[in-house]
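Subject: Structure handover

Hello,

Here is the structure you asked me to pass on. Please look through it first; my notes on what was found follow below.

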Amino acid sequence: MRFSRSVAASAVVAVASADNYFGFNSGALKDDDSAKFKADFVQEMTTAQNLVGAPVTFNAVRLYTNIQAYSTTDPIEAFEAAVETGTYLLLGIWTSGTTSIENEMTALKAGLDQYGSELADLIIGMSIGSEDLYRNSATGVANSAGVGADPDVIVGFINDFKSAFADTLIANVPIGHVDTWDVWPNATNKPVLDAVDWIGVDEYPYYESGKGNDISNAGTLFDTAYDATLAAVGDKPVWVTETGWPYTGETWDEAVASVENAKYYWDEVGCRRLFNQVNTFWYNLRDSNSANEMKFAITDNLSTEARFNLSCPATFDTPSSTSTGSATGTATGILTASATGTGASSTGTSSSGSSSSGSSSGSSSSASSTSAVGTSDAISRGSVSAVSAVIALMGAVFLL
């Protein structure tokens, strides 16, 4: 289903930008739950950099763990693959349901010892936790999203990481936290906001039940969530760490999974709002969670020919947002200091029922970072607070 296009495309979409990073999320496991090794990561990274018709260069990868699958402290083989392919890395550390991030830090230190500055120069950010605050929120609990972590736990892990890497090659890598957009207006989460250099947001209009989540409204729903995040976090840079639309799977309220709708979402959210404007990590290049009925991969068997035309249209259906970005300008400043990043995602697949409050959810690790099988990503179909809860925070007008 296509719609008439009425809004002119922004000129920046046609011009490559050196100030932002673009990539995909990459779990430690494949879609059959077998481990990924160096060759698998190399294939992903090579495909991403050579996608036919891509509007930007996808030369960054967001990892959910530093630990190689089937081990407890071995560095993930994506490190070697990144060095070989020149791929930037957004690293992540699991912080829910654990009292220590020592194994994650041990694996990362081992990688740095092995590859030195070749690896360090590719690390553009570190996320300490992901969606932990959402899972411990009233909405997360109602949606059976899993075990989360409170703000003081996350801040404690941030301090642990800073101390452990203070005298290393990545001492100046910016630290962030990834979560759903509704957690940031909550004052109880301010300690995390104060402790990080940037914010990562996972947003899926597909899962926003009860909000008119037909594909024709997806761009507007995305804008509402992203703009609310910008308004809530002030001058902190905001990256989109996960977003996408499934090409197959169940109908979620009004949202239909299809290749055609995945293309429409790519155009209306990726091309119109994100590419060349915001650090973006799309979900996803390849499928990697067997338990999730919804499949998001834009490629089949990592072909450089995507399921749909990746080139951007000249015009868009979604009206231009009136409140976008302080995050973009601030992010550029940090990026010049080797900055940006997103990190680990959380929870396993949550309850499959639709939610009346509907909203962003993200992919998540189905196992602790200390698990012997490493960490794989899975969509948690959570919901967030009603839009009305954040409207009051959107009074400031940001320029696109």
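How many helices and strands does the secondary structure of the chain come to? There are twelve helices and twelve strands. Please keep in mind that this is a predicted model. The chain has 400 residues, and buried residues make up 60% of them. Among contacts in the chain with a separation of 6 or more, 78% are between residues 24 or more positions apart.

The loop after strand E9

I would begin with the loop between strand E9 (280-282) and strand E10 (315-316), where Asn284 is found. Tyr283 has its place in that loop as well. The peptide bond from Tyr283 to Asn284 is cis, and its omega is near 15 degrees. Is Tyr283 buried or exposed? Tyr283 counts as buried because its relative accessibility is 4%, under the 20% limit. Thr241 lies 42 residues from Tyr283 along the chain, and the C-alpha atoms of the two are separated by 8.4 Å.

Cavities

The count of cavities of 30 Å³ or more comes to three. The largest has a volume of about 60 Å³. Both residues of the cis peptide bond, Tyr283 and Asn284, help to line the largest cavity. The rest of its lining is Arg286, Asp287, Ser288, Asn289, Asn292, Met294, Lys295 and Phe296. By class, the lining of the largest cavity divides into three nonpolar, four polar and three charged residues.

The second largest cavity has a volume of about 50 Å³. Its lining consists of Phe24, Asn25, Ser26, Glu44, Ala48, Ala60, Val61 and Leu285. Which elements give two or more residues to this lining? They are E2, H1 and strand E3 (60-63). E2 provides the largest share, with three residues. Five of the lining residues of the second largest cavity are nonpolar, two are polar and one is charged.

The loop between E2 and H1

Lys36 is found in the loop between E2 and H1. Lys36 counts as buried because its relative accessibility is 1%, under the 20% limit. Leaving aside neighbours within four places in sequence, Lys36 is in contact with Ser26, Gly27, Ala28, Leu29, Lys30, Phe41, Glu44, Gln68 and Arg286. Two of these partners, Ser26 and Glu44, also appear in the lining of the second largest cavity. Another partner, Arg286, is in the lining of the largest cavity. Gln68 is 32 residues from Lys36 along the chain, with 8.2 Å between their C-alpha atoms.

Asp33 has its place in the loop between strand E2 (22-26) and helix H1 (38-49). Its phi is near 70 degrees, a positive value in a residue other than glycine. Asp33 is partly exposed because its relative accessible area is 35%, which lies between the limits of 20% and 50%.

A second positive phi

Where is Asp253 placed? Asp253 is in the loop between strand E8 (238-242) and helix H10 (259-274). Phi of Asp253 is near 60 degrees, again a positive value in a residue other than glycine. With a relative accessible area of 40%, Asp253 is partly exposed.

Helices H2 and H3

The axes of helix H2 (residues 78-85) and helix H3 (residues 102-115) come within 10 Å and cross at roughly 35 degrees. The crossing of H2 past H3 is right-handed. Which residues make the contact? From H2 they are Phe79, Glu80 and Val83, and from H3 they are Ala107, Leu108, Gly111 and Tyr115. The contact of H2 with H3 has five nonpolar residues, one polar and one charged.

Helix H9

The last item is Ala232, found in helix H9 (residues 218-233). Ala232 counts as buried because its relative accessibility, 19%, is under 20%. Ala232 and Pro185 are 47 residues apart in sequence, while their C-alpha atoms are 5.3 Å apart in space.

Regards

Note on methods. Residues are numbered from 1 along each chain as its sequence is written. This is a predicted model: local features need pLDDT of at least 70, side-chain atom pairs count only at pLDDT 80 or more; totals for chains, interfaces and linings use all residues. Side-chain values use heavy atoms; hydrogens and water are left out. Helices (H or I, at least four residues) and strands (E, at least two) are DSSP runs, numbered from the N terminus. Buried means under 20% relative accessible area, exposed over 50%, partly exposed in between (1.4 Å probe, protein chains only). Axes are lines fitted to C-alpha atoms, for helices over the stretch in contact, and angles run from 0 to 180 degrees between N-to-C directions. A crossing is left-handed if the near helix is turned anticlockwise from the far one by less than a right angle, and right-handed if clockwise. Contact means heavy atoms within 4.5 Å. Ala, Val, Leu, Ile, Met, Phe, Trp, Tyr, Cys and Pro count as nonpolar, Asp, Glu, Lys and Arg as charged, and the others, Gly among them, as polar. On a 1 Å grid over the protein atoms alone, a cavity is a set of points where a 1.4 Å probe fits but cannot get out, and a pocket is an open set with protein on both sides within 12 Å along at least five of seven lines; lining residues have an atom within 4 Å of a point. Grid points are joined across faces, edges and corners, and a volume is the space filled by probe spheres set on the points.
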